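Me: Hi! I'm new to reading protein structures and would love some help with this one. Can we go through it together?

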Amino acid sequence: MSKLALAKLVTGPQEWDRRRLQVLLAIAVLVVIAVAAGIVWSVQALITGSDASASDTAASRSSEQQVTGSAQAGTTLAEAQPGPLSTGSTGTIALPQAAKLGESQVATGFPRTSAGALAQLIAIDQRAIGSASVVTAQDVIATWAMRGGPTAQTWSGVEAVTVLLSSAGLPANGSTELQIALDPAMGTVKTDPATASVIGCVDFVVTITAGRSPANRIAVADCQRMVWNEGRWMIGPGTEPVPSPSLWPGTQASYDSGYQWLEVSP
């Protein structure tokens, strides 16, 4: 589906109401997940709130699916929205703190560990997508992806911000009318033996606030191949990995998927 078709779902920048925000949230989920993994969701089902299942069309990425898991195929919009919490439990990943502010104002200085790779991915996503600016997102990926990796034209993070702003009738450099916050709640981190890289997956709680309307929240997952390069973690070369499922943190589904809680080390 084209950006123009998605943009027609929302009629004008002045009509910020709860229903419109729900549409924007659905579009955000559609883009962040679908662009990254070749997954197609029914836009009509997203808008009406019905459970549309996603199907994995990236058959050529079998090695990546072994690393990230293929549970994404069963993810529905309902599972990404707030739902009943489980009394179960899961493990915790201790994330290191950033040591400094790096290029494009992305927090960095994380150690050469799997947790450090995951922490760097979180910082990249928070700065790029949280900026609600296509210009900023493009600048971030240009400085934090290695040659042969995602670009300012191909990265799913740029595409997500582009469609969201287009649908809201806002300019590419963003607007104070729209705020996006990404709170990392759960995640997984594994080594890909085929590429000697770290596949980090983060299940964010994305909060979108538009104008004076109440904030709306939904879970959105992102997975990237992280490679240690010249003293820092960067998004590595190759296609973006198949993402882990977007599941509301603390539900039984999130535990069953293998997610662990994320906690910043003191």
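Me: Which residue does a disulfide join to Cys201?
Reply: Cys223, with the two sulfurs 2.0 Å apart. A disulfide here is a pair of cysteine sulfur atoms within 2.5 Å, and by this rule the count comes to one.

Me: What should I know about the model itself?
Reply: It is a predicted model, where local features need pLDDT of at least 70, side-chain atom pairs count only at pLDDT 80 or more, and totals for chains, interfaces and linings use all residues. Residues are numbered from 1 along each chain as its sequence is written, and side-chain values use heavy atoms, with hydrogens and water left out.

Me: Back to the disulfide: where do Cys201 and Cys223 sit?
Reply: Cys201 is in strand E5 (residues 197-210) and Cys223 in strand E6 (residues 216-229), so the pair, 22 residues apart, links distant parts of the chain. Helices (H or I, at least four residues) and strands (E, at least two) are DSSP runs, numbered from the N terminus.

Me: Are Cys201 and Cys223 buried or exposed?
Reply: Both Cys201 and Cys223 are buried. Buried means under 20% relative accessible area, exposed over 50%, and partly exposed in between, using a 1.4 Å probe and protein chains only.

Me: New topic: how do helices H7 and H8 pack?
Reply: H7 (residues 134-144) and H8 (residues 156-168) meet at an angle of about 175 degrees, and their axes are 9 Å apart. Axes are lines fitted to C-alpha atoms, for helices over the stretch in contact, and angles run from 0 to 180 degrees between N-to-C directions. That makes H7 roughly antiparallel to H8, a label for angles over 145 degrees (under 35 is roughly parallel, 65 to 115 roughly perpendicular, the rest oblique).

Me: Which residues of H7 make that contact?
Reply: Val134, Ala137, Gln138 and Ile141 do, against Val158, Val161, Thr162 and Leu165 of H8. Contact means heavy atoms within 4.5 Å.

Me: And Ser104, where is that?
Reply: Ser104 lies in the loop between strand E2 (100-101) and strand E3 (107-108). Its relative accessibility is 15%, so Ser104 counts as buried.

Me: Which residues is Ser104 in contact with?
Reply: Leaving aside neighbours within four places in sequence, they are Arg127, Asp139, Val140, Thr143 and Trp144.

Me: What about Arg232, which residues does that one touch?
Reply: Not counting residues up to four places away in sequence, Arg232 touches Glu103, Thr108, Thr143, Trp144 and Val227. Arg232 is found in strand E7 (residues 232-235).
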